[in-house]
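The exercises below are meant to be worked with the sequence and the model side by side. Each one sets a task and then goes through a solution step by step.

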Amino acid sequence: MKPVLFLFFLFTVSYSALAQDTIAVQQNELIHLQNAIKEHSQKDSVLVQLLIDYANLCFYDLDFLDGLKAINEARSISKELNYSKGEGLYLKSISIFRKRISEGNVFIKNPNVARINAGNEFINNLDIYYEVEGNRILGQYTDFDVFGNISMPTGQRDSEIETMVSSLEEALSYYSEKENVEITAYLHEGLSLLYFKSDKEKSNEHKRVAEELYQELKLSYHQLLILVNEINYFLGQGLEAEAKPLEIEAINIYSKEADKYIKAHGAFLLSRTYGMHNRLNLQLEYLFQAEELLSDIGEKDLIKSIYLSAASVYEWYFTNSEKALEYEYKELYLRKEINYFESVAYTYLLISESLFGLKKIQDFPAEYQDYLKLGGIEGQPFFDAELLWIKARMLQSQGRSEEARIFNYESIENYNKANDFNNGPSWNCFDLAQSYMGDGEYEKAIEYASEAYDLGSKIIPLHY
């Protein structure tokens, strides 16, 4: 299985990896919501939803201050009304706020390179944390319709770091005066991430303040996240001696956490950190700890990601497609149990590759065929390319080499549309070389083998 596929699954459910146009929020939608909020005379659940809708659009528009004001008002009204759903909506909105900050740190600005930023040391897990917590409070596992009847923003994620920094600084100035410790901590941490590559001193100062505030708030997971990012930075620089005491501190914080739900998030976070540095046994150990903790409390949202993370370790590093398939099916069965089918096509895509690795083409789930369609996964050409590549391999395994080549060529076209000019097509060319070799067309085989080598040698390593 291609490692990039699992990386795209784990991270592009939240983020789009195609860096084309920046996100465009319809300004008339913002004005419409502003007017609706002003005209709504009652403090009720309708006003809460209007404020949340407005906040989410503000976050997409990089207007962090107005967005934070709106969700805090929504939260305050929800508490007055004892409206628990409002807290869930608040947390889901915080998740969107965090995602926007993450995008500024994770994505490179070059519109011609559609891949996650190589060399990025950070794990931005707070968006996942708040989305899962919001789902838990809302009592559902699908993406809540936070936009109601308004239009979703169009275009792709951007990396307008200067705009993000300015907007966060404005919000920090406002909330520091209001003494909102929780929001102030989020803002300091966000600025720490965004300043990291341009101003290390500012980054470290914001990180220090965020850490102190998280300790004051007794938010162990948030403290752990800061430590993990420090560990990843030092290990990325080869400074193991500096990373070791931080690792011990992180494990101590994790061990002392009594809340099983928060501790499970911590275990998942530690597993990702160990995975980044190829400490695979520890990665699996913490994944299984997270699974056990979540099973104890009956929490099923985060456990989906844990299953697929375990599958990725078995597939990539232990080349154990059978074990990977076991966890992919566990994730699929869990989806069915909780009636969660958002992005299920990704799961079928992963299952198909594991089955292919086991040479069990005939075991493809019947329902999988419904997802083997172009445009079937978020309408993104990258995933169309992946589906075409799988079709090509299926046909090649059945001896239908000419048909398989057609699908490989179409797959390359879609990778090019997605601006993935090397990783995906390198596998297509490799398969084409083998196909032509098998048919005795040696010149063609050499041509595509050389192309596969040239493309593969250009691949930028991804770091998480």
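**Exercise 1: Helix 15**

Task: Check the length of helix 15 (residues 321–337) against the span expected at 1.5 Å a residue, and then list its buried residues.

Solution. In this predicted model, helix 15 comprises 17 residues, and the distance from its first C-alpha to its last is 24 Å, close to the 24 Å expected at 1.5 Å a residue. The next step is to go along the helix residue by residue, which gives S321, A324, L325, Y327, E328, Y329, E331, L332, L334 and R335 as buried. When reading such a list, it helps to recall that an α-helix has 3.6 residues a turn, so residues three or four places apart point the same way. Finally, just after helix 15, the backbone at N339 adopts a positive phi of about 60°.

**Exercise 2: Helix 10 and a cavity**

Task: Decide whether the end-to-end distance of helix 10 (residues 220–236) agrees with its number of residues, and find which helices contribute to the lining of the second largest cavity.

Solution. Helix 10 has 17 residues, and the expected span is 1.5 Å times one less than that number, so a value of 24 Å is expected; the end C-alpha atoms lie 24 Å apart, in agreement. As for its surroundings, 13 of the 17 residues of helix 10 are buried, so that by the cut-off of under 20% relative accessible area the helix is mostly covered. Just after helix 10, G238 has a positive phi of about 75°.

Turning to the cavities, 5 of 30 Å³ or more are counted, and the second largest has a volume of about 70 Å³. Its lining consists of V228, I231, L235, E247, L270, T273, Y274, H277 and R279. Helix 10 and helix 12 (260–276) each supply at least two residues of this lining.

**Exercise 3: Two buried residues**

Task: Why do E133 and A445 count as buried, and which residues beyond four places in sequence does each of them contact?

Solution. E133 belongs to helix 6 (residues 126–138). Its relative accessibility is 15%, and because the cut-off for a buried residue is under 20%, E133 counts as buried. Once its neighbours within four places in sequence are set aside, E133 is in contact with L91 and Y261.

A445 lies in helix 20 (residues 442–456), and its relative accessibility of 4% means that A445 is likewise under the cut-off and counts as buried. With residues up to four places away left out, A445 touches A433, Y436 and M437. The C-alpha atom of A445 is separated by 7.5 Å from that of S435, a residue 10 positions away along the chain.

**Exercise 4: The whole chain and its confidence**

Task: Describe the protein chain as a whole, and identify where the pLDDT is low.

Solution. Begin with the secondary structure, which amounts to 20 helices and 0 strands. Of the 464 residues, 56% are buried, and the chain exposes about 20200 Å², of which carbon and sulfur atoms supply 49%. Among contacts with a separation of 6 or more, 68% join residues 24 or more positions apart.

For confidence, the chain averages a pLDDT of 79, and 79% of the residues score at least 70. By element, the lowest mean pLDDT (43) belongs to helix 1 (residues 3–12) and the highest (95) to helix 4 (residues 64–81). Over residues 141–152 the pLDDT is below 50, although the model gives this stretch 38 contacts beyond near neighbours in sequence. Residues 154–158 also stay under 50, with 23 contacts beyond four places in sequence.

Methods
Residues numbered from 1 in each chain as written. Predicted model: local features only at pLDDT ≥ 70, side-chain atom pairs only at ≥ 80, totals over all residues. Heavy atoms only, no water. pLDDT = per-residue confidence, 0-100. Helix = DSSP H or I, 4+ residues; strand = E, 2+ residues; numbered from the N terminus. Contact = heavy atoms within 4.5 Å. Buried < 20%, exposed > 50% of the residue type's maximum accessible area, 1.4 Å probe, protein only. Areas by Shrake-Rupley, 256 points an atom, 1.4 Å probe, with all protein chains shown as cover. 1 Å grid on protein atoms, 1.4 Å probe; cavity = no way out; pocket = protein on both sides within 12 Å on 5 of 7 lines; lining within 4 Å. Points joined across faces, edges and corners; volume = space filled by probe spheres on them.
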